[in-house]
Amino acid sequence: MADSSALVDGLFNVATAATAGCLADFATFPLDTAKVRLQIQGVPATTMVQLAGVGGHLHLPVTMQAAAQYEGLLGTMSTIVRQEGVRSLYNGLSAGLQRQCAFVSVRLGLYETTKNFYQGLIDGNRTKRATDVPSMNVLSRVLAGLTTGGMAVLFAQPTDVVKVRFQAAPPGTKPYPSTLAAYRSIAGSEGFFGLWRGLAPNVVRNSIVNVSEIVCYDVVKDALLLNGVMHDGIPLHFTSAVIAGFCATVVASPVDVVKTRYMNAKPGEYRNALEVATRMAANEGMAAFYKGFTPSFCRLVSWNIAMWITYEQLKGVVKKWRAVEEF
């Protein structure tokens, strides 16, 4: 009976996490689109140049630095709206929501179960005494964050690739007729594993984000509660979410930029994610790894606030409903 109850709790956690993730993604998607546009801005483009005095028969490829089109978060969003319309801020939303269902349901929905599993390995499943001081269990949280973050990418990677392709499309263009057509086209032209392009940097990024986001939120919230600084409620969830969003942005931005560039690249443009990072450092300097930092920060903090408050409220509703049902 206990195992059955744990399974039901786990399923509710997965469903609640997916719902909260979708609501948060819808609310913050324009910020994510602006972030992607800023991250790919400045990627050197190759063009064919005719040499003078050779009768127009000799053309050589020349790498030219693309002119900056976007400036700042609000400037990027206003430029997109002016040139492409408001709907362009939501290009790739369908893939984004699919990503949340596949991604957040795993990385957050399975987090508690995974954390408890690691804690059982660490403390040997010893029985806790009533006099024991509550533990922050930081190691078990970090291990759980790394595990669920990496697992989630395996499920959600194709949705991430499609989302980035839609968001990075040049003004006035639509790379694919629909999300389903995008999956088929990428698999057909780039092979099945084209849908998993950038898997390695994405696993690294999301494992890092999971630790700096979910684990940070978990630790901050419990620390504030254990020390009596705040009581459980929306103000506590809001504060913990802001801190988690900031930590995630600082730690994950470099990997996020490399991931976006690699996912949006033409087949054969880069051998691997390491080449993307090397070329960025050589051609654009180290500051390029923090391109789109402001929209990344605004997006991650906003997303965390929306997701965590929604998730905590939904968890409370489900808990009350199940208590009434069991009674």
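A residue is taken as buried when its relative accessible area is under 20%, and in this predicted model buried residues account for 46% of the 327 residues in the protein chain. The chain holds ten helices and two strands, and its elements, read from the N terminus, follow the order α-β-β-α-α-α-α-α-α-α-α-α. One example from the buried group is Val162, which lies in helix H5 (residues 138–168) and has a relative accessible area of 0%. The C-alpha atom of Val162 is separated by 7.0 Å from that of Tyr183, although the two residues stand 21 residues apart along the chain.

Salt bridges were counted next, and the total comes to 20. Within helix H4, Glu112 and Lys115 lie three residues apart, about one turn of the helix, and their side chains meet in a salt bridge with an N to O distance of 3.5 Å. The two partners fall into separate accessibility classes: Glu112 is partly exposed, at a relative accessible area of 28%, whereas Lys115, at 10%, counts as buried. A salt bridge also joins Glu275 to Arg271, at 3.9 Å from N to O; here Glu275 counts as buried because its relative accessibility is 14%, which is under the 20% limit, while Arg271 counts as exposed because its value of 71% is over 50%.

Distant parts of the chain are also connected in this way. Asp222 forms a salt bridge with Arg141, with the closest N and O atoms 3.0 Å apart, and this pair links helix H7 to helix H5 across 81 residues of the chain. Arg141 counts as buried, with a relative accessibility of 2%. In addition, a network of salt bridges links Asp25, Asp32, Lys35, Lys163, Asp256 and Arg299.

Arg299 reappears in the description of internal space, as one of the residues that lie nearest the centre of the largest cavity, together with Arg99, Phe103, Arg205 and Leu300. The structure holds two cavities of 30 Å³ or more, and the largest cavity contains about 150 Å³ of space. Its lining comprises 18 residues, to which H1, H3, H5, helix H7 (199–226) and H10 each supply at least two; the largest share, five residues, comes from H3. By residue class, the lining of the largest cavity divides into eleven charged, five nonpolar and two polar residues.

The second largest pocket encloses about 350 Å³ of space. Eleven residues line this pocket, and those closest to its centre are Asp9, Asn13, Lys315, Val318 and Lys319. The elements that give two or more residues to its lining are helix H1 (2–40) and helix H10 (293–326), with H10 providing the largest share, seven residues. Five of the lining residues of the second largest pocket are charged, three are polar and three are nonpolar.

On the surface, Leu110, Met151, Leu154 and Phe155 form a nonpolar patch whose accessible area together is about 360 Å². Leu110 is found in the loop between helix H3 (93–107) and helix H4 (111–123). Leu110 counts as partly exposed because its relative accessibility is 31%, a value that falls between the limits of 20% and 50% and that is also over the 30% required of residues in a patch.

Notes: Residues numbered from 1 in each chain as written. Predicted model: local features only at pLDDT ≥ 70, side-chain atom pairs only at ≥ 80, totals over all residues. Heavy atoms only, no water. 1 Å grid on protein atoms, 1.4 Å probe; cavity = no way out; pocket = protein on both sides within 12 Å on 5 of 7 lines; lining within 4 Å. Points joined across faces, edges and corners; volume = space filled by probe spheres on them. Helix = DSSP H or I, 4+ residues; strand = E, 2+ residues; numbered from the N terminus. Nonpolar A, V, L, I, M, F, W, Y, C, P; charged D, E, K, R; others polar. Patch = residues over 30% accessible without salt bridge, like charges linked within 9 Å, V, L, I, M, F, W, Y side chains within 5 Å. Areas by Shrake-Rupley, 256 points an atom, 1.4 Å probe, with all protein chains shown as cover. Salt bridge = Lys/Arg side-chain N within 4 Å of Asp/Glu carboxyl O. Buried < 20%, exposed > 50% of the residue type's maximum accessible area, 1.4 Å probe, protein only.
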